[in-house]
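Trainee: Could you go through this model with me and explain how each label is earned?

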Amino acid sequence: MRKAAVGGLVATTGLLALTALPASADDERTAPDCDKVKCVALTFDDGPGPYTDELLDILDEHDAKATFYLLGSNVDGHGDEIERMVDEDHEVGNHTWDHEDLATLSSDEIEDDLDRTDRAIEDVTGEAPTTMRPPYGSLSDTARETIDKPIMLWDVDTLDWQNRDPDTILDISTEETSEGSVLLLHDIHETSVEAVPDVLETLSDDGYEFVTVSEMMGSDIDAGTAYSDARSLD
Ligand code: NI
């Protein structure tokens, strides 16, 4: 309907009408087809934090989509950043309430923790996350049986929390990434956010497209199953 109206305007007034139209907030994103192009998923854990807004600016400049595994305890006070994530077509995932090692918790405790985090995120975005990531990648049989979402791990660990060095983060990202990789970064560290422009430019020059985890993995992933990359799905 909107397109028909635009078409009419364009027909009568030319390109000016087209360029003057603001992008509609509800325009559906058309994600790249990861069967046809090389996809990679950047993931940012433990936020939101003080550098998240800057990271969103960087991603926007590069038209790159990412996935944010949020801590429920960080949601309060960061509603603006979380709304931005959703508005700008990033994915928001559940990284537990307060980064507890799920392998040490009972089934009831895990369920309560993940539900509480889902609700905090849903209060801001209107939707509960569809994927989760366990802190430290740590799981027990109980955790796998309890978790009712696909479990997203990673195959490229930038060790950004440890090295705090943009050059090292770039080196690891470019050396270890292959098609279907999931990169682990943390937007709570300034040095990690500083590394992102070069990571995006280098991988982009290599032909990679930056998509969300769910865009890359597709709908054929199962609750309670852990995935480290998209190659295991082939
Ligand atoms: Ni974490």
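Mentor: Let us begin with the disulfide, of which this predicted model holds one.

Trainee: What makes the pair cysteine 34 and cysteine 39 a disulfide?

Mentor: The sulfur atoms of cysteine 34 and cysteine 39 lie 2.1 Å apart, and the label asks for a pair of cysteine sulfur atoms within 2.5 Å, so the pair qualifies as a disulfide. In general, such a link is a covalent bond between the sulfur atoms of two cysteines.

Trainee: Why is this disulfide called left-handed?

Mentor: The torsion about the S-S bond of cysteine 34 and cysteine 39 is about -90°, and the disulfide is therefore left-handed.

Trainee: How do you know whether cysteine 34 is buried or exposed?

Mentor: Cysteine 34 has a relative accessible area of 18%, and because buried means under 20%, cysteine 34 counts as buried. Cysteine 39, with 2% relative accessibility, is buried as well.

Trainee: Why is serine 192, in helix 9, called buried?

Mentor: Serine 192, which belongs to the helix spanning residues 190-205, has 1% relative accessibility, so serine 192 counts as buried by the cut-off of under 20%.

Trainee: What makes the pairing of serine 192 with aspartate 160 a polar contact?

Mentor: The side chains of serine 192 and aspartate 160 are joined at 2.7 Å, and since a polar contact needs a pair of N or O atoms within 3.5 Å, that distance satisfies the cut-off. The side chain of serine 192 also reaches the backbone oxygen of histidine 186, at 3.3 Å.

Key
Residues numbered from 1 in each chain as written. Predicted model: local features only at pLDDT ≥ 70, side-chain atom pairs only at ≥ 80, totals over all residues. Heavy atoms only, no water. Buried < 20%, exposed > 50% of the residue type's maximum accessible area, 1.4 Å probe, protein only. Helix = DSSP H or I, 4+ residues; strand = E, 2+ residues; numbered from the N terminus. Polar contact = N/O pair within 3.5 Å; in protein donor to acceptor, adjacent residues only side chain to side chain.
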